[in-house]
Amino acid sequence: MVTLVVLLDLSAAFDTTEHTTLLDIFQTKVGIIGTALNWHKTYLSERSYRVVTGEAESNVMNLDCGLPQGSSLGHLKFIIYAAEMQEVVNRHGISFHGFADDSQLNKHMQVSEIHVGKCAMVDCIADIEVLCRSHALKLNADKSDVIWLGTRQQLSRMSQADKDLHFPSGTFKASETARNLGVIIDQYS
């Protein structure tokens, strides 16, 4: 068996979370209504920012998207916002592990079945891209990592072309090491 692992990078995920979409998810998927929903609306509304550098200040801008990352609720709200990704992944027979905006997809397979496994992963990621667009999130192919795990003998039977994932929008290049939540893993882990 070999394992295909894809570590997805979402660009500025907390900054692009749309408040109206999040509140709709709270109401329709989580069942938050009434006073509780209004509390979340209040929590997200009337947020603004400005940039200050030295003596110069920008105009104050209202925020209609984004979640505060320093709060205990920011990460929880994002997990709820992106929970549909789990449903997408399950439809493709891929395993999913998520922590806030870090997502790990993996598929175990025989070396003789890598074409089928790769197709399932590519189809899954294509569906995740559609979900991301509908939620104002951007999947960043340049910062997403692909790594194959297995024994030296198993991995030596695969070419680099076997290991890379190709999409109409670009290629996820496989590497020998990848960083996941601060831990570096190598292909023989």
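# Report on a predicted protein chain

Leaving aside residues up to four places away in sequence, Trp148 is in contact with Val2, Thr3, Leu4, Met109, Ile114, Lys118, Leu155, Met158, Asp162, Lys163, Ala174 and Gln187. These contacts, like every other value in this report, come from a predicted model.

## The chain as a whole

The secondary structure of the protein chain comes to 8 helices and 14 strands. Its C-alpha atoms fill a box of roughly 60 × 45 × 30 Å, taken along the principal axes. Of the 189 residues in the protein chain, 40% are buried. The accessible surface comes to about 10,800 Å², and carbon and sulfur atoms account for 52% of that area. Among contacts between residues at least 6 apart in sequence, 69% join residues at least 24 apart.

## The nonpolar cores

Which residues touch the most other members of the largest nonpolar core? They are Val6, Leu105, Ile125, Trp148 and Leu165, in a core of 47 residues. Helix α6 gives the most to this core, with 9 residues. Another core, of 5 residues, lies apart from it; Leu7, Ile147, Leu149 and Ala178 are among its members.

Leu165 belongs to strand β10, which covers residues 165-167. Is Leu165 buried or exposed? Its relative accessible area is 0%, so Leu165 is buried. Not counting residues up to four places away in sequence, Leu165 touches Leu4, Val6, Lys118, Met121, Val122, Ile125, Val146, Gly170, Thr171 and Phe172. Leu4 and Lys118 also appear in the list of contacts of Trp148. By contrast, the C-alpha atoms of Leu165 and Asp24 are separated by 34 Å, and these two residues are 141 places apart along the chain.

## Helix α6 and the residue that follows

Helix α6 runs over residues 114-134 and has 21 residues. From its first C-alpha to its last it reaches 30 Å, close to the 30 Å expected at 1.5 Å a residue. The buried residues of α6 are Ile114, Gly117, Lys118, Ala120, Met121, Val122, Cys124, Ile125, Ile128, Glu129, Leu131 and Cys132. Among them, Met121, Val122 and Ile125 are touched by Leu165.

Ala136 comes just after α6, in the loop between that helix and β8. Phi of Ala136 is near 60 degrees, a positive value in a residue other than glycine. Most residues other than glycine have a negative phi. With a relative accessible area of 29%, Ala136 is partly exposed.

## Two buried polar residues in strand β7

Strand β7 covers residues 102-109 and includes Ser103; Asn106 is found in β7 as well. The table sets out the accessibility of several single residues discussed in this report.

| Residue | Relative accessible area | Class |
|---|---|---|
| Ser103 | 8% | buried |
| Asn106 | 7% | buried |
| Cys124 | 0% | buried |
| Cys65 | 25% | partly exposed |
| Ala136 | 29% | partly exposed |

Where residues up to four places away in sequence are not counted, Ser103 touches Val6, Leu7, Leu8, Met85, Phe96, His97 and Gly98. On the same terms, Asn106 is in contact with Thr3, Leu4, Val5, Ile94, Ser95, His97 and Met121. His97 is thus a contact of Ser103 and also of Asn106.

## The hairpin of β13 and β14

Strand β13 (residues 177-180) and strand β14 (residues 183-186) run antiparallel and are joined by 4 bridges. One opposed pair is Thr177 and Asp186, the latter in β14. The two strands form a hairpin with 2 residues between them, and Leu181 in the turn has a positive phi of about 50 degrees.

How do the side chains along β13 point, and which of them are buried? They alternate: Ala178 and Asn180 point to one face and are buried, whereas Thr177 and Arg179 point to the other and are not. Ala178 is also one of the members of the core of 5 residues.

## Cysteines

A disulfide is a covalent bond between the sulfur atoms of two cysteines. How many disulfides does the model contain? With a cut-off of 2.5 Å between cysteine sulfur atoms, the count comes to 0. The cysteine sulfur nearest to that of Cys65 belongs to Cys132 and is 15 Å away, and Cys65 is in no disulfide. For Cys124, the nearest cysteine sulfur is also that of Cys132, at 11 Å, and Cys124 is likewise in no disulfide.

Key: Residues are numbered from 1 along each chain as its sequence is written. This is a predicted model: local features need pLDDT of at least 70, side-chain atom pairs count only at pLDDT 80 or more; totals for chains, interfaces and linings use all residues. Side-chain values use heavy atoms; hydrogens and water are left out. The expected span of a helix is 1.5 Å times one less than its number of residues. Buried means under 20% relative accessible area, exposed over 50%, partly exposed in between (1.4 Å probe, protein chains only). A nonpolar core is a set of buried Ala, Val, Leu, Ile, Met, Phe, Trp, Tyr and Cys residues joined through side-chain atoms within 4.5 Å. Contact means heavy atoms within 4.5 Å. Two strands pair if DSSP finds at least two bridges between them. Accessible areas come from the Shrake-Rupley method with a 1.4 Å probe; for residues, only the protein chains shown count as cover.
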